[in-house]
Amino acid sequence: MTFSNPWFIAALVGVLGLFHLEIIATFLNLAQFRHALPQRLKEIFSDETVQKAGEYAATSSRLDLLRSTASVAVLIAVWWGGGFGWLERWSTGWGWNEIQTGVCVIGLIMLVQNVMSLPFDAWDTFKIEAEYGFNRTTPGTFIKDRVKELLLTALLGGPLLALILWFFQTQEHAVLYTWLTVAGFSIVMAWVSPRLLMPLFLKFQPLKDGPLREALLALAARLKFPVVDVSVVDGSRRSSKANAFLSGFGKNKRIALFDTLIEKHTQAELEAILAHEIGHHKCRHVPQQLVLGLLESGLMFYLLHAALQSPAFFKAFGVASMPMGLGLVLFSILYSPASLLLGLLSSALSRRHEFQADAFAKAACGAEPLMAGLKKLSVDHLSHPNPHALTVWLHYSHPPVGQRLAALEG
């Protein structure tokens, strides 16, 4: 571990650079609350709502800053204190083969990370979200969700991780095989998740027969978007925040509406929201994002291969040999800042897609119902009415509500 090692410099600059960039973006975003809102937004956000949204954003940001500071501090302490080298020596003494050791090392580190994040997640859920009227999660549900997430990660991620390590240990074209495997796994999960995995956390029930169900199915038929079911999701058991999504492929698409969305929105608004979601599919946004994601993952695996073949990469973290499992963990440290930069393109494309889906919904249902729905969602979720451009650029997959309303009015 030396300043003459380019891998060490890249990791250090990336970790500290990303940390400070997030701090700058956070303060700039909070400072936006001191600025007067455009007239369009003043009509939506009352002074009381803006003040409450600012307090919510500030409270959440303080927790995020504390979380990221603790994470970076622990990382630097382990890194510079020789913790990765110690982990290498300790895991080598287990006497297992490299794949078994690698899977267990990664699993152990993920478990430690989950334990470290637990107090922050609990404070966010039971203090901040509860204080502002969002949380409806019980401690029992909170704990069960974490246990289920860990078990699913082990059951699904463990074998996939073992296969990836085997590719890199034995195959000349490991990058290609890994890329194809992860791509296939992602596509299968997109189909399996709403049917088998999400029901482990949320209850899906068919929307009762009535005007709303008939209207949504009629809208889907009019837009030539075949669906086999309309479900109500019991999101209210965890949060008052609302959501909706479509799942499935081909003629097996399903509409899912959170019960909180149905409670707070009119039938016309729900039709417009559904039309927006259908617009994503009609405009081919899903395959576009999929292709972009595959390209990014291909680049990631290429860089991973280069790192795992470099002794200097391991030495940058104080590791003497070249254990693949630990190498994946070390690479994730280096890749996080790069992932943010690569994600800028994906986020920009996503924001563009949102405008296109809004335009589709406007053509299908008119502008007013969707605008009314967007206004309600923004106020109910205490969204930042006018976020800073840097925060939007870094993190927003959806354009700010003011920009969406302006486009719908045009």
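## Strand pairing

In this predicted model, strand E3 (residues 244-247) and strand E4 (residues 253-258) run antiparallel and are joined by four bridges. Within this pairing, Phe245 has Ala256 of E4 as its bridge partner.

In a regular strand, the side chains alternate between the two faces of the sheet. Strand E3 is covered on both faces, since Ala244 and Leu246 are buried on one side, while Phe245 and Ser247 are buried on the other.

## Nonpolar cores

The largest nonpolar core holds 56 residues, and those that touch the most other members are Phe45, Leu216, Ile255, Leu261, Leu274 and Ile278. Helix H10 (residues 267-282) supplies the largest share of this core, with six residues. Apart from this core lies another, of 41 residues, which includes Phe168, Val182, Ala307 and Leu308. In soluble globular proteins, nonpolar side chains tend to be buried together.

Leu261 can be followed further through its contacts: when neighbours within four places in sequence are left aside, Leu261 is in contact with Ala242, Asn243, Ala244, Leu270, Ile273 and Leu377. One of these partners, Ala244, is also among the buried residues of strand E3.

## The loop at His381

The loop between helix H14 (367-380) and helix H15 (389-395) contains His381. With a relative accessible area of 19%, His381 counts as buried, because the cut-off for that class is under 20%.

Leaving aside neighbours within four places in sequence, the residues in contact with His381 are Tyr56, Phe134, Lys241 and Ala242. Ala242 thus appears among the contacts of His381 and also among those of Leu261.

## The chain as a whole

The chain contains 16 helices and four strands. Its radius of gyration is 23 Å, close to the 22 Å that the globule rule gives for 410 residues, so the chain is as compact as a globular protein of that length. Taken along the principal axes, the box filled by the C-alpha atoms is roughly 65 × 50 × 40 Å.

Of the 410 residues, 45% count as buried, and the chain exposes about 20800 Å², of which carbon and sulfur atoms supply 65%. Among the contacts between residues at least 6 apart in sequence, 76% join residues at least 24 apart.

Definitions and conventions: Residues are numbered from 1 along each chain as its sequence is written. This is a predicted model: local features need pLDDT of at least 70, side-chain atom pairs count only at pLDDT 80 or more; totals for chains, interfaces and linings use all residues. Side-chain values use heavy atoms; hydrogens and water are left out. A nonpolar core is a set of buried Ala, Val, Leu, Ile, Met, Phe, Trp, Tyr and Cys residues joined through side-chain atoms within 4.5 Å. Buried means under 20% relative accessible area, exposed over 50%, partly exposed in between (1.4 Å probe, protein chains only). Helices (H or I, at least four residues) and strands (E, at least two) are DSSP runs, numbered from the N terminus. Contact means heavy atoms within 4.5 Å. Two strands pair if DSSP finds at least two bridges between them. The radius of gyration is taken over C-alpha atoms; the globule rule is 2.2 Å times the number of residues to the power 0.38. Accessible areas come from the Shrake-Rupley method with a 1.4 Å probe; for residues, only the protein chains shown count as cover.
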